[in-house]
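Subject: Structure for your review

Dear colleague,

Please find below the structure that I am handing over to you. An account of what was found in it follows.

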Amino acid sequence: MNDRIAKLQAYMESHELDAVLITLPKHVFYLTGFASDPHERFLGLLLARGEEPTLVVPALDEEPARGAAKGIGAFATHTDTDDPYAVLKGLLPGGIRRFGLEKTHLTVNRFEQLNEAIGASEYVDVDEPLREMRVVKSEDEIVRLKRAVSLVEEVLRRGLEKVTPGVTEIEIVAELEYQMKKLGSEGPSFSTLVLAGEKSAMPHGTPGLRKIQSGELLLIDMGVFADGYASDITRTFAVGDVDDELKRIYDTVLQANLRAIEATRPGVTYASIDKAARDVIEAAGYGPQFVHRLGHGLGIDIHEFPSIHAGTADLLVAGAVFTVEPGIYVTGLGGVRIEDDVRVTDSGVEVLTSFPKELTVIG
């Protein structure tokens with residue numbers, strides 16, 4: 001944790017920032033180890049040149065913050081009747097010229113309150129150094145990610161035991177999310193998707209009261225948070241015997257998934273692995289039915305930098321973790337998506353997910 005704060009402080013020095021304020025709760029957790037949802041209350045990590053890092057928390061969170069935060073020299077609190085921006089102002093030296101903040105997180109309202117209190121000459125976005133830090137996962141982060149993957153795969157195994165013709169999509173969602181908590185996760189990392197039959201052709205459809213039927217596909221996309229880190233897996237199953245076109249679609253998506261993973265290694269572009277998968281799908285005649293990017297970064301957020309698509313020229317680096325999730329969606333018939341979580345290694349790739357990918361008949 002201290003290393004991360006030190007990197008941000010080095011960025012402050014090289015960019016001549018007098019102070020930096022981190023307000024995104026996920027970044028406060030990333031930099032200090034203190035995880036909190038402050039709701040409407042103010043939470044911030046303040047770094048001022050020449051001063052110890054200060055964590056500003058609601059008074060009701062002081063005890064857990066002091067117990068969890070690492071690398072913090074001081075704590076400041078505010079009650080529900082205090083002005084947190086006045087508290088913040090009192091922590092800063094006068095004459096702040098260049099002030100760093102997270103422009104993608106601050107609302108206009110909060111920025112106006114901050115500016116009134118601080119009155120800096122210039123506000124500088126610090127999203128980039130944080131984004132770059134988060135791309136390369138430490139060994140501790142990999143351990144946490146692997147636990148999240150292990151948990152979600154066990155959830156999927158248990159949930160499939162409840163799949164039978166006649167059960168509804170939402171009943172399976174309820175079972176899966178019950179198992180998430182029962183097995184010790186912090187909960188789903190996003191809204192669990194269970195989509196049957198023609199609804200599986202909706203990449204982000206909404207589970208409902210539709211009953212699962214024999215002879216169709218069932219797509220399950222879900223993840224959990226464990227120790228602050230997310231997993232994300234999609235598998236598509238056959239409920240009983242399905243027709244030949246659905247089997248062909250499944251095989252095409254599987255080959256695209258495998259081809260993209262095979263192409264993953266340090267030094268290649270993210271665009272190139274998207275292309276590796278897309279070429280397989282286009283060659284099979286389903287190019288227009290692959291309607292989304294290949295994947296996304298994964299870590300303390302379910303969707304992190306980078307976005308893996310044809311326009312991403314960034315190079316893969318060892319330690320990056322992201323999803324590989326090609327799909328084909330045929331309206332009125334059904335859809336297939338197969339998603340794995342992968343880690344770039346010094347020499348290639350490690351696939352973190354291990355749930356079987358061959359077409360499996362259930363129900």
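Please keep in mind that this is a predicted model. I begin with a single histidine and then move outward.

Leaving aside neighbours within four places in sequence, His296 is in contact with Asp232, Ile302, His303, Glu304, Pro306, Ile308, Phe322, Thr323, Glu325 and Glu339. His296 itself belongs to strand β13, which covers residues 295–297. Is His296 buried or exposed? Its relative accessible area is 2%, and because buried means under 20%, His296 is buried. The side chain of His296 also reaches the backbone oxygen of Ile302, at 2.9 Å.

Two of the contacts of His296, Phe322 and Thr323, lead to strand β15. From this strand, Val321 and Thr323 point one way, while Phe322 and Val324 point the other way; all are buried. Strand β15 pairs with strand β18 (residues 340–344) in the antiparallel sense, over four bridges. Within β18, the residue opposite Val321 is Arg343.

Next come the aromatic residues. How many aromatic pairs does a search of the whole structure find? The search finds six. In one of them, the ring centres of Phe111 and Tyr123 are 4.9 Å apart and the planes stand at 80 degrees, so this pair is edge-to-face. The two rings come from distant parts of the chain, 12 residues apart: Phe111 is in helix α5 (residues 108–118) and Tyr123 is in strand β6 (residues 122–125). Phe111 is partly exposed, at 28% relative accessible area, whereas Tyr123 counts as buried at 14%.

Tyr270 and Phe322 form another edge-to-face pair, with 5.5 Å from centre to centre and 75 degrees between the planes. This pair, too, links distant parts of the chain: Tyr270 lies in helix α10 (residues 270–283) and Phe322 in strand β15 (residues 321–324), 52 residues apart. Tyr270 counts as buried at 2% relative accessibility, and Phe322 is buried at 0%. Phe322 therefore appears twice in this account: as a contact of His296 and as a partner of Tyr270, with a relative accessible area of 0%.

Phe99 joins Phe111 and Tyr123 in one aromatic cluster. Arginine side chains also meet aromatic rings. Arg4 lies over the face of Tyr30, at 4.1 Å from the ring centre, and Arg131 lies over the face of Phe305, at 4.2 Å from the ring centre.

Helix α6 spans residues 127–135, and its buried residues are Asp127, Pro129, Leu130, Met133, Arg134 and Val135. Against which elements do the buried residues of α6 pack? They pack against α1 (2–14), β1 (19–22), α2 (25–32), β6, β14 (304–308) and β15.

Finally, I turn to the database record. UniProt lists residues 4–136 as "domain: Creatinase N-terminal", in an unreviewed entry. In the model, the end C-alpha atoms of residues 4–136 lie 12 Å apart, and the span is 41% helix and 20% strand. The unreviewed entry in UniProt also lists residues 145–346 as "domain: Peptidase M24". For residues 145–346, the end C-alpha atoms lie 18 Å apart, and the span is 31% helix and 25% strand.

Yours sincerely,
A colleague

Technical notes. Residues are numbered from 1 along each chain as its sequence is written. This is a predicted model: local features need pLDDT of at least 70, side-chain atom pairs count only at pLDDT 80 or more; totals for chains, interfaces and linings use all residues. Side-chain values use heavy atoms; hydrogens and water are left out. UniProt positions are given in the numbering used here, feature names are shortened, and annotations may be inferred rather than shown by experiment. Helices (H or I, at least four residues) and strands (E, at least two) are DSSP runs, numbered from the N terminus. Buried means under 20% relative accessible area, exposed over 50%, partly exposed in between (1.4 Å probe, protein chains only). A polar contact is a pair of N or O atoms within 3.5 Å; within protein, one must be able to donate a hydrogen and the other to accept it, and residues adjacent in sequence count only if both atoms are side-chain atoms. Contact means heavy atoms within 4.5 Å. Rings of Phe, Tyr and Trp (its six-membered ring) pair if their centres lie within 6.5 Å; planes under 30 degrees apart count as stacked, over 60 as edge-to-face and the rest as tilted. A charge sits over a ring if NZ of Lys or CZ of Arg is within 6 Å of the ring centre and within 35 degrees of the ring normal. Two strands pair if DSSP finds at least two bridges between them.
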